[in-house]
Amino acid sequence: MPPKRASSSKRKAASDSDSEDASQATKKTKLGDTGATTDAVEGAQPTNKVLPEHISFPARIPNSIRISTWNVCGLATSQKKGFRKYVEAEDPDILVLTETKVNNEPVDPSLKSRFPHSYWSIAEKKGYSGTAVLSKIKPLSVEKTLPGHPNPSIVKGRIITLEFENYYLIGTYVPNAGSDLKTLDVKNEWNEHFTKYIRDLDQKKPVIWTGDLNVAPTEIDLSNAKRNWNKTPGYTEAETTAYKNILNPPETESTAKFVDIWRRTHPKDKHFTYFGYRFNCRAKGIGWRLDMFVLSERIVDQVKMCEIRSEIYGASDHCPVTMEIEGSL
């Protein structure tokens with residue numbers, strides 16, 4: 001969503017908004033005449049700009065599957081900044097990567113040995129988007145299209161669906177509405193077809209949908225919501241309504257509901273998964289929650305944990321999100 005390199009529409013689109021947000025945050029956090037800024041705000045996320053030297057997480061809950069999602073903002077760059085340290089510490093059964101920006105399927109023996117089943121969706125445009133699902137568990141089938149969508153070039157690099165015995169797993173890097181919302185029509189078209197797709201799958205077996213969903217669903221999912229409303233990609237009426245209608249379909253439609261599981265388990269927390277590199281947004285706590293797990297409502301009670309790995313920042317401008325679900329896929 002907000003800023004970074006000009007080659008990324010997500011980061012370019014909201015740069016003005018981030019600049020304004022950062023300016024306001026600086027005014028609020030100045031301490032005396034020293035020019036220092038506060039780091040420790042109760043309940044705030046960490047403000048580190050590089051990965052911690054030592055990374056560790058609690059052991060997985062017994063009889064559960066650990067699934068992680070991470071927008072790596074370019075796999076090659078992330079690998080130089082500590083990508084492997086996080087993966088080794090997290091050790092997920094399935095890792096969904098978004099915005100990989102790879103032009104060919106990477107040849108990485110360490111990843112292949114950890115995840116023997118790997119699936120890459122690569123965009124037609126070089127160095128752009130890209131989605132991957134790396135798995136220790138072999139799926140029954142793999143699909144990289146969005147049925148019904150009329151433009152394959154939009155879809156390539158943005159979606160992978162794995163079918164397992166008990167679930168479908170969908171990994172997405174959802175299109176961005178663009179600077180000045182110039183590609184909002186593209187986003188709306190995607191949402192129309194994706195909504196039908198996830199509902200159709202849910203009629204066959206439960207769905208786990210994850211990745212960078214490129215939407216901040218509510219005002220507590222981003223900084224300075226009022227200033228960004230209907231002006232910044234990811235927080236417009238069209239986008240938030242499409243997301244809401246997946247979770248809670250209109251009463252006229254007899255279809256199952258979905259649950260944003262992190263928000264269900266953290267109903268009041270204003271924590272984010274994306275902090276733009278520009279304008280010192282990480283240090284000032286200016287961010288967006290864009291990376292999520294959305295599940296068929298009927299399997300919610302099987303989720304044992306879902307957390308934003310807030311300290312894992314610096315190898316990307318996004319933080320990973322991890323979920324553990326009881327039983328087998």
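**Rings, charges and buried residues in a predicted model**

User: What makes K205 lie over the face of Y168?

Analyst: K205 sits at 5.4 Å from the ring centre of Y168. A charge counts as over a ring if NZ of Lys or CZ of Arg is within 6 Å of the ring centre and within 35 degrees of the ring normal, so 5.4 Å meets the distance part. One thing to know early on: this is a predicted model, in which local features need pLDDT of at least 70 and side-chain atom pairs count only at pLDDT 80 or more, while totals for chains, interfaces and linings use all residues. Residues are numbered from 1 along each chain as its sequence is written, and side-chain values use heavy atoms, with hydrogens and water left out.

User: Which ring has the charged end of R309 over it?

Analyst: That is F57, with the charged end of R309 4.0 Å from the ring centre.

User: How do you know that F57 and Y86 form an aromatic pair, and what kind is it?

Analyst: Rings of Phe, Tyr and Trp (its six-membered ring) pair if their centres lie within 6.5 Å; planes under 30 degrees apart are stacked, over 60 edge-to-face, and the rest tilted. The rule gives 11 aromatic pairs. For F57 and Y86 the centres are 6.0 Å apart and the planes meet at 80 degrees, so the pair is edge-to-face. F57 belongs to the loop between strand 2 (36-37) and strand 3 (64-71), and Y86 to helix 4 (residues 83-90), so the pair ties together parts 29 residues apart in sequence. Helices (H or I, at least four residues) and strands (E, at least two) are DSSP runs numbered from the N terminus.

User: Are F57 and Y86 buried or exposed?

Analyst: Both are buried. Buried means under 20% relative accessible area, exposed over 50%, and partly exposed in between (1.4 Å probe, protein chains only).

User: What makes the pair of F275 and Y313 edge-to-face?

Analyst: The planes of F275 and Y313 are at 90 degrees, with the centres 5.9 Å apart. F275 is in the loop between helix 10 (261-265) and helix 11 (281-284), and Y313 in the loop between strand 13 (303-308) and strand 14 (321-326), so this pair links distant parts of the chain, 38 residues apart. The relative accessible area is 1% for F275, which is buried, and 2% for Y313, also buried.

User: Which residues do ring pairs link into a cluster?

Analyst: They are W190, F194, Y197, W209 and Y243.

User: What makes R66 and E90 a salt bridge?

Analyst: Side chains of opposite charge can pair when their charged atoms come close. A salt bridge is a side-chain nitrogen of Lys or Arg within 4 Å of a carboxyl oxygen of Asp or Glu. The whole structure has 17 salt bridges. In R66 and E90 the closest N and O atoms are 3.0 Å apart, so the pair qualifies. It links distant parts of the chain, R66 in strand 3 and E90 in helix 4, 24 residues apart. R66 has a relative accessible area of 3% and is buried; E90, at 1%, is buried too.

User: Which salt bridge do E90 and R309 make, and how far apart are they in sequence?

Analyst: Their side chains meet at 2.8 Å, N to O. E90 in helix 4 and R309 in the loop between strand 13 and strand 14 are 219 residues apart. R309 counts as buried at 7% relative accessibility.

User: How do you know whether D202 and R298 are buried or partly exposed?

Analyst: These two meet in a salt bridge of 2.8 Å, N to O. D202 is in helix 7 (residues 184-202) and R298 in the loop between strand 12 (291-296) and strand 13, 96 residues apart. D202, at 5% relative accessibility, counts as buried, whereas R298, at 47%, is partly exposed. Elsewhere, salt bridges sharing partners join R60, D91, D93, R114 and K136 into one network.

User: What puts the buried residues of helix 4 on the same side?

Analyst: The buried residues are F83, Y86, V87 and E90. Their arc (that of the directions from the helix axis to the C-beta atoms) is only 95 degrees, which puts them on the same side of helix 4. They pack against strand 3, helix 3 (75-80), strand 4 (94-98), helix 5 (109-114) and strand 14.

User: What makes N191 count as buried?

Analyst: N191, in helix 7, has a relative accessible area of 15%, so it falls under the 20% cut-off. N191 touches E239 and A242, leaving aside residues up to four places away in sequence; contact means heavy atoms within 4.5 Å.
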